[in-house]
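Biologist: This one is new to me. Could you take me through it and tell me why each label is used?

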Amino acid sequence: MARSTKSPKSRITPRSSSTGRGPGRPAKFNRETALETALQTLWKRGYVGASASALSDAMGIERSSFYNTFLGREALFREILKLYGQITPDRPLGQITLGQAVTPVVEKVFRDVCRVRAADPESKGCLMVNSIVMLVGNDPALAPEIVGAVQRQIQVFEALLQQAARQGEIPVPKDMRAAAYTLTIFLIGLNVISKVENKEAVLWASCRHQLSNLGFQIKK
């Protein structure tokens with residue numbers, strides 16, 4: 001759930017553009033480029049602040065093309081969340097394999113989160129974390145998407161802590177589930193506080209303290 005000075009590069013597979021211009025038909029546009037623009041718009045404004053009109057205007061397409069291609073704002077947001085999941089700095093946490101050392105990956109991820117957040121002049125924070133406050137409890141259709149993402153993050157941390165403990169990288173936590181919740185809460189808080197405190201060294205100092213408390217041997 002994890003600011004860069006450049007627009008993030010997606011890893012989505014390019015899809016064909018909309019059909020060419022014909023009688024009453026919209027002009028062609030690049031779907032991947034439109035998605036990148038939509039991601040940035042939703043990241044800055046949030047789902048509530050980005051209407052279908054605002055999104056189609058930002059993407060430079062007609063409203064008819066917007067609905068024909070993306071099936072509406074809700075469907076587009078679901079697609080954007082998947083795209084965001086491919087570029088967020090904490091993605092490698094879910095890619096650690098059995099037997100792989102956990103500590104170096106965890107340290108790098110938290111360092112990357114601090115670096116990316118500190119480098120963003122717009123202080124956008126994390127799209128997923130921003131959406132927790134905006135949508136959970138307010139949007140019955142999209143809230144489950146956000147809740148599910150948080151629950152998966154807890155599961156990822158719990159699996160990583162179990163693996164790190166088995167491999168002797170950290171002491172076995174007294175309550176593994178609680179430790180996983182603690183790391184999730186910390187990561188969410190880190191993304192929020194980065195909107196206020198954007199000094200990378202300060203953000204990393206808090207990460208090093210938190211990880212060290214769990215027993216990870218973190219470099220200074």
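Modeller: Gladly! Let us begin with what counts as a helix: it is a DSSP run of H or I with at least four residues, and helices are numbered from the N terminus. In those terms, Leu71 lies in the loop between α3 and α4, and α4 covers residues 73-87.

Biologist: How many helices and strands does the protein chain have?

Modeller: There are 9 helices and 0 strands. Read from the N terminus, the order of elements is α-α-α-α-α-α-α-α-α.

Biologist: How confident is the model in the protein chain?

Modeller: This is a predicted model, and pLDDT is the predictor's confidence in each residue, from 0 to 100. The protein chain averages 85, and 87% of the residues score at least 70. Helix α8 (residues 176-193) has the highest mean at 96, whereas helix α3 (residues 63-70) has the lowest at 86. Residues 2-27 deserve care, as pLDDT stays under 50 there. For that stretch the model has 66 contacts beyond four places in sequence.

Biologist: Back to Leu71, then. Why is Leu71 called exposed?

Modeller: Exposed means over 50% relative accessible area. Leu71 has 68%, so it counts as exposed.

Biologist: What makes the phi of Leu71 worth a look?

Modeller: It is near 65°, a positive value, and Leu71 is not a glycine. Most residues other than glycine have a negative phi. Ser123 also has a positive phi, of about 50°, without being a glycine.

Biologist: Where is Ser123, and is it buried, partly exposed or exposed?

Modeller: Ser123 is in the loop between α5 and α6. Its relative accessibility is 21%; buried would need a value under 20%, and exposed one over 50%, so Ser123 is partly exposed.

Biologist: Why does Glu36 count as buried?

Modeller: Its relative accessibility is 17%, which is under the 20% cut-off, so Glu36 counts as buried. Glu36 is found in helix α1. Between the C-alpha atoms of Glu36 and Met59 there are 8.8 Å in space, while the two are 23 residues apart in sequence.

Biologist: And how do you know whether Ala38 is buried or exposed?

Modeller: The relative accessible area of Ala38 is 0%, under the 20% limit, so Ala38 is buried. Ala38 lies in helix α1 (residues 31-49).

Biologist: Which residues beyond its sequence neighbours are in contact with Ala38?

Modeller: A contact needs heavy atoms within 4.5 Å. Leaving aside neighbours within four places, Leu55, Met59, Leu76 and Ile80 are in contact with Ala38. Leu76 and Ile80 are also among the buried residues of α4.

Biologist: What else is buried in α4, and what covers it?

Modeller: The others are Phe77, Glu79, Leu81, Leu83 and Tyr84. The cover includes α1, α2 (52-59), α3, α5, α6 and α7.

Biologist: How do you know whether the length of α4 agrees with what is expected?

Modeller: Its 15 residues should span 21 Å at 1.5 Å a residue, and the end C-alpha atoms are 21 Å apart, so the two agree.

Biologist: How does α8 do on that test?

Modeller: α8 has 18 residues and reaches 25 Å from first C-alpha to last, close to the expected 26 Å.

Biologist: Which residues of α8 are buried?

Modeller: They are Met176, Ala179, Ala180, Leu183, Thr184, Phe186, Leu187, Leu190 and Asn191. These residues cover an arc of only 160° around the axis, so they are on the same side of α8. They pack against α5 (103-119), α6 (127-135), α7 (143-166) and α9 (200-213).

Biologist: What makes Asp175 a cap of α8?

Modeller: A side-chain oxygen of Asp175 lies 3.2 Å from the backbone nitrogen of Arg177, at the N-terminal end of α8. A polar contact needs N or O atoms within 3.5 Å, so 3.2 Å meets that cut-off.

Biologist: One last residue: why is Ala141 called partly exposed?

Modeller: Its relative accessible area of 32% falls between the limits of 20% and 50%, so the label is partly exposed. Ala141 is in the loop between α6 and α7. Beyond its sequence neighbours, Ala141 is in contact with Glu74 and Arg78.

Biologist: And how much of the whole protein chain is buried?

Modeller: Buried residues make up 47% of its 220 residues. The protein chain exposes about 11400 Å², with 54% of that supplied by carbon and sulfur atoms.

How values were computed. Residues numbered from 1 in each chain as written. Predicted model: local features only at pLDDT ≥ 70, side-chain atom pairs only at ≥ 80, totals over all residues. Heavy atoms only, no water. Helix = DSSP H or I, 4+ residues; strand = E, 2+ residues; numbered from the N terminus. Expected span 1.5 Å × (residues − 1). Buried < 20%, exposed > 50% of the residue type's maximum accessible area, 1.4 Å probe, protein only. Arc of directions from axis to C-beta. Polar contact = N/O pair within 3.5 Å; in protein donor to acceptor, adjacent residues only side chain to side chain. Areas by Shrake-Rupley, 256 points an atom, 1.4 Å probe, with all protein chains shown as cover.
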